[in-house]
Amino acid sequence: MEIEEIAEASVELDPNVEIVDVYHPEANPELREFYVTIPDFENLTEEKRRSEVHEIAGYKWRLLLFPKGNDTKNSLSLYLECEGPVSTDEQYPIRKWRFPASFKLIVCSQGPESVDVVQETRHIFSHNDTDWGFRDIVSFDILYSENESYIVDGVLKLGSSISIENSEEYDS
């Protein structure tokens, strides 16, 4: 039986066509951290504020803060938000992605006698589910307490540490 050679075809992808494959990053158990400073926190008037983007493990991350609470009137609300993979191809960006991560959200203490407020959780982030966190990470009574030193000279410091997990080992 003879095999006929077929010339390679050149295929151009249409950027308007949604790619069906779902991008999964490699597991990266190493914790990666970033911190942000919110000046003049006590005078914020907006409903929510997003931090600048931080690139970690090939993804774009930011903190999503609700200074007056998110569906709560007595607690600060803080979430981790993933904007998706850092795309290396502007013409054909990755449109679908999904991966599990464990992370901590931190309200940083700025005094020698107080400790950070740390909440830890796991979540499967995806193009359809980009943020996860805590509606009540810390009560306003504690946040504004002079004894706790979370707000010093009007400045609030927040942070996050993120670990990308192996999707085969994730149990949700």
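**Strand pairing and core packing in a predicted single-helix, ten-strand chain**

Val 155 touches Thr 37, Ile 38, Pro 39, Gln 110 and Tyr 150, leaving out residues up to four places away in sequence; contact here means heavy atoms within 4.5 Å. The model is predicted: local features need pLDDT of at least 70, side-chain atom pairs count only at pLDDT 80 or more, and totals for chains, interfaces and linings use all residues. Residues are numbered from 1 along each chain as its sequence is written, and side-chain values use heavy atoms, with hydrogens and water left out.

Val 155 belongs to strand β10. Its relative accessibility is 19%, so Val 155 counts as buried (buried, under 20% relative accessible area; exposed, over 50%; partly exposed, in between; 1.4 Å probe, protein chains only). Val 155 and Thr 37 are separated by 118 residues in sequence. Their C-alpha atoms lie 6.7 Å apart.

The chain has one helix and 10 strands. Both kinds of element are DSSP runs, numbered from the N terminus: helices are H or I with at least four residues, strands are E with at least two. From the N terminus the order is β-β-β-β-β-β-β-β-α-β-β. Of the 172 residues, 41% are buried. Among contacts between residues at least 6 apart in sequence, 67% join residues at least 24 apart. The accessible surface comes to about 11,000 Å² (Shrake-Rupley method, 1.4 Å probe; for residues, only the protein chains shown count as cover). Carbon and sulfur atoms account for 43% of this surface.

Strand β4 spans residues 59-66. Seven of its eight residues are buried, so β4 is largely enclosed by the rest of the structure. Its pairings were examined next (two strands pair if DSSP finds at least two bridges between them). β2 and β4 run antiparallel and are joined by two bridges. Here Arg 50 stands opposite Leu 64. β3 and β4 are also antiparallel, with three bridges. His 54 faces Trp 61 of β4 in this pairing. β3 and β4 form a hairpin with two residues between them. Ala 57, in the turn, has a positive phi of about 55°. Eight bridges link β4 to the antiparallel strand β5, residues 75-85. Tyr 59 has Pro 85 of β5 as its bridge partner.

Ser 51 sits in the loop between β2 (49-50) and β3 (54-56). With a relative accessible area of 9%, Ser 51 is buried. Its side chain reaches the backbone nitrogen of Leu 63 at 2.9 Å. This is a polar contact, defined as a pair of N or O atoms within 3.5 Å; within protein, one must be able to donate a hydrogen and the other to accept it, and residues adjacent in sequence count only if both atoms are side-chain atoms. Beyond its neighbours within four places in sequence, Ser 51 is in contact with Phe 34, Val 36, Arg 62 and Leu 63.

Strand β6 is mostly covered, with eight of its 10 residues buried. β6 and β7 run antiparallel and share 10 bridges. Phe 99 has Phe 125 of β7 as its bridge partner. β6 also pairs with β10 in the antiparallel sense, over seven bridges. Phe 103 is matched there with Ile 162 of β10.

The largest nonpolar core has 33 residues (a set of buried Ala, Val, Leu, Ile, Met, Phe, Trp, Tyr and Cys residues joined through side-chain atoms within 4.5 Å). Trp 61, Leu 76, Val 107 and Leu 143 have the most contacts inside this core. Two or more residues come from each of β1 (28-38), β4, β5, β6 (98-107), β7 (117-126), β8 (131-139), α1 (140-143) and β10 (155-164). β6 gives the most, with five residues. In soluble globular proteins, nonpolar side chains tend to be buried together. Not counting residues up to four places away in sequence, Trp 61 touches Phe 34, Glu 52, Val 53, His 54, Ile 56, Leu 80, Glu 81, Cys 82, Phe 99, Phe 125, Ile 162 and Ile 164.

The whole structure holds 10 aromatic pairs (rings of Phe, Tyr and Trp, the last by its six-membered ring, pair if their centres lie within 6.5 Å; planes under 30 degrees apart count as stacked, over 60 as edge-to-face and the rest as tilted). One aromatic cluster is formed by Tyr 59, Trp 61, Trp 97, Phe 99, Phe 103 and Phe 125.
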